[in-house]
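Let's take a walk through this structure together. Keep the picture open while you read, and look for each part as we get to it.

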Amino acid sequence: MKKVLLLAVALMLIFSVATLLWARESGQPGIAGTPHDVGVMTGDDTLEPCAMCHSPHSGTGDYPIWNRDQAAQTYTLYDSPSYDMNENKQPQAPSSLCLVCHNGVFSSLVNYPGPGSHTNENYDYEMNPTFWAMLGTDLTNDHPISFTYDPTKDNNQDNNGFPPPQPCPTAPWRLWIPGDQGLLTYPLYGTGATADQFECATCHSVHDTIAYIGKQMTGGKSVGTQVFFLRSSNAGSDMCNDCHVNRW
Ligand code: HEC
Ligand code: HEC
Ligand code: HEC
Ligand code: HEC
């Protein structure tokens, strides 16, 4: 009887470890093992991945309980004669939060894990300029962000065919842009019922919640045909086409 029980326990253990390994290696949703996992950034698995960006207490006060700090930066934003929704705004949260790392300027935590005013340089961060993920503070060569998504402003001359935003049924205070088959894929940001701001996180899911064909990781980097953290597959430019409907 004892032997059978031991065998069962051993089998259960092997099964759960195998499931865990499989989940991580096959790129299941979650931050673990992605370029946003501080363990991947530093090679130290004992650090706290969520603390890199969020703090349960004493953060900066920005949504969502943000934990990274940096001196204010001035960005040069995208403009063009046909960019109808341009409001000449500086990047706002959550785009400004991405940029705290992706602008390549040094940033540190407000509240480090551990007791009191303890600091830990493993959480301090400055993107290596040789990394292709460094966008810098000149955003003129990047897709526009931090503007009010208002398809009615897209004039007849461009006529991209942008879909009208829809309220999310489970969170009616948030507007989303429908993607393929009418699914609500791209969230808009801001507060209250008028959460209509187009941000980095409209296209990117920072916690890598979507798995799709071509999404693979090796040594903490994306390989294959797809870049991580997209809200949906951009194979065949499908993602661009979800919004720029008339451009395909
Ligand atoms: C690299 C930075 C980063 C890391 C690491 C990170 N987050 Fe986030 N998180 C963000 C940003 C930016 C947003 C806001 C954008 C959004 O909602 O997608 C966010 C939003 C959230 C939200 C609110 C919206 C939602 O998706 O539900 C929760 C909850 C959250 N994070 C939890 C976590 C937890 C738990 C961890 C650790 C397992 C974690 N995050 C790690 C950057 C990060
Ligand atoms: C704590 C710092 C930090 C924050 C905050 C952060 N990132 Fe990153 N991100 C990184 C690092 C480090 C990498 C890996 C850089 C490399 O290897 O080139 C990365 C990589 C990426 C990549 C490329 C992933 C790949 O390899 O395919 C994307 C896309 C990305 N981040 C988007 C975002 C977005 C969008 C936000 C905000 C919603 C954000 N990041 C917030 C640190 C951060
Ligand atoms: C309109 C959708 C969209 C928006 C908005 C957007 N991205 Fe991206 N991003 C993409 C796509 C698509 C890719 C993959 C590009 C490729 O394959 O080269 C990408 C790639 C990246 C990468 C990988 C490096 C690279 O250049 O390929 C990083 C880092 C990144 N985005 C960060 C950001 C940050 C930070 C913001 C906000 C300032 C942002 N993105 C806004 C669609 C977007
Ligand atoms: C979630 C919706 C969405 C996605 C996905 C998206 N875009 Fe956009 N894009 C917009 C909006 C909205 C604008 C602002 C248009 C305006 O005001 O004229 C814009 C602006 C642009 C512009 C500048 C237009 C101008 O008049 O200067 C280009 C070019 C562009 N997008 C290309 C792309 C490409 C390429 C992709 C795929 C990698 C992509 N977009 C993905 C919504 C999106």
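Before we start, one bit of vocabulary: two strands count as a pair if DSSP finds at least two bridges between them. Also bear in mind that what you're looking at is a predicted model.

Now try that idea on strands E5 and E6. E5 covers residues 171–178 and E6 covers residues 184–187, and 3 bridges join these two antiparallel strands. Want to pick out one of the partners? Find tryptophan 176, then look across to E6, where proline 187 is its bridge partner. The two strands form a hairpin with 5 residues between them, and in this hairpin glutamine 181 takes a positive phi near 50°.

Next, head over to ligand 1. It is surrounded by 14 residues, and Cys50, Cys53, His54, Tyr189 and His207 are the closest. Sorted by class, this shell holds 10 nonpolar, 3 polar and 1 charged residues.

Which protein donors does the iron atom of ligand 1 have? They are His54 and His207, each using its NE2 atom, and they lie 1.9 to 2.0 Å from the iron. The iron has 6 donor atoms, with angles of 85 to 179° among them, and the site is octahedral. This pair of histidines brings together distant parts of the chain, as they sit 153 residues apart. You'll find histidine 54 in the loop between helix H2 (38–42) and strand E1 (68–69), while histidine 207 is in the loop between H4 and strand E8 (216–218).

Are these two histidines buried or exposed? Neither label fits. Histidine 54 has a relative accessible area of 23%, so it counts as partly exposed. Histidine 207 comes out at 37%, so it is partly exposed too.

Both side chains also come up when you look at the nitrogen atoms of ligand 1. An N or O atom in the side chain of histidine 54 is 2.7 Å from a nitrogen atom of the ligand, and for a polar side-chain atom of histidine 207 the distance to a nitrogen atom of the ligand is 2.8 Å. Tyrosine 63 joins in with a polar side-chain atom 3.4 Å from an oxygen atom of ligand 1.

Last stop: ligand 3. It has 16 residues around it, with Trp132, His143, Cys200, Cys203 and His204 coming nearest. Helix H3 (95–102) and helix H4 (200–203) each supply at least two residues of this shell. By class, the shell has 11 nonpolar, 4 polar and 1 charged residues. Finally, look at histidine 204: an N or O atom in its side chain is 2.8 Å from a nitrogen atom of ligand 3.

Note on methods: Residues numbered from 1 in each chain as written. Chains lettered and ligands numbered in written order. Predicted model: local features only at pLDDT ≥ 70, side-chain atom pairs only at ≥ 80, totals over all residues. Heavy atoms only, no water. Near = heavy atom within 4 Å. Polar contact = N/O pair within 3.5 Å; in protein donor to acceptor, adjacent residues only side chain to side chain. Helix = DSSP H or I, 4+ residues; strand = E, 2+ residues; numbered from the N terminus. Nonpolar A, V, L, I, M, F, W, Y, C, P; charged D, E, K, R; others polar. Donors = N, O, S within 2.8 Å, 3.2 Å for Na, K, Ca; no water. Tetrahedral: all angles 85-135°; square planar, octahedral: opposite > 155°, others 65-115°. Buried < 20%, exposed > 50% of the residue type's maximum accessible area, 1.4 Å probe, protein only.
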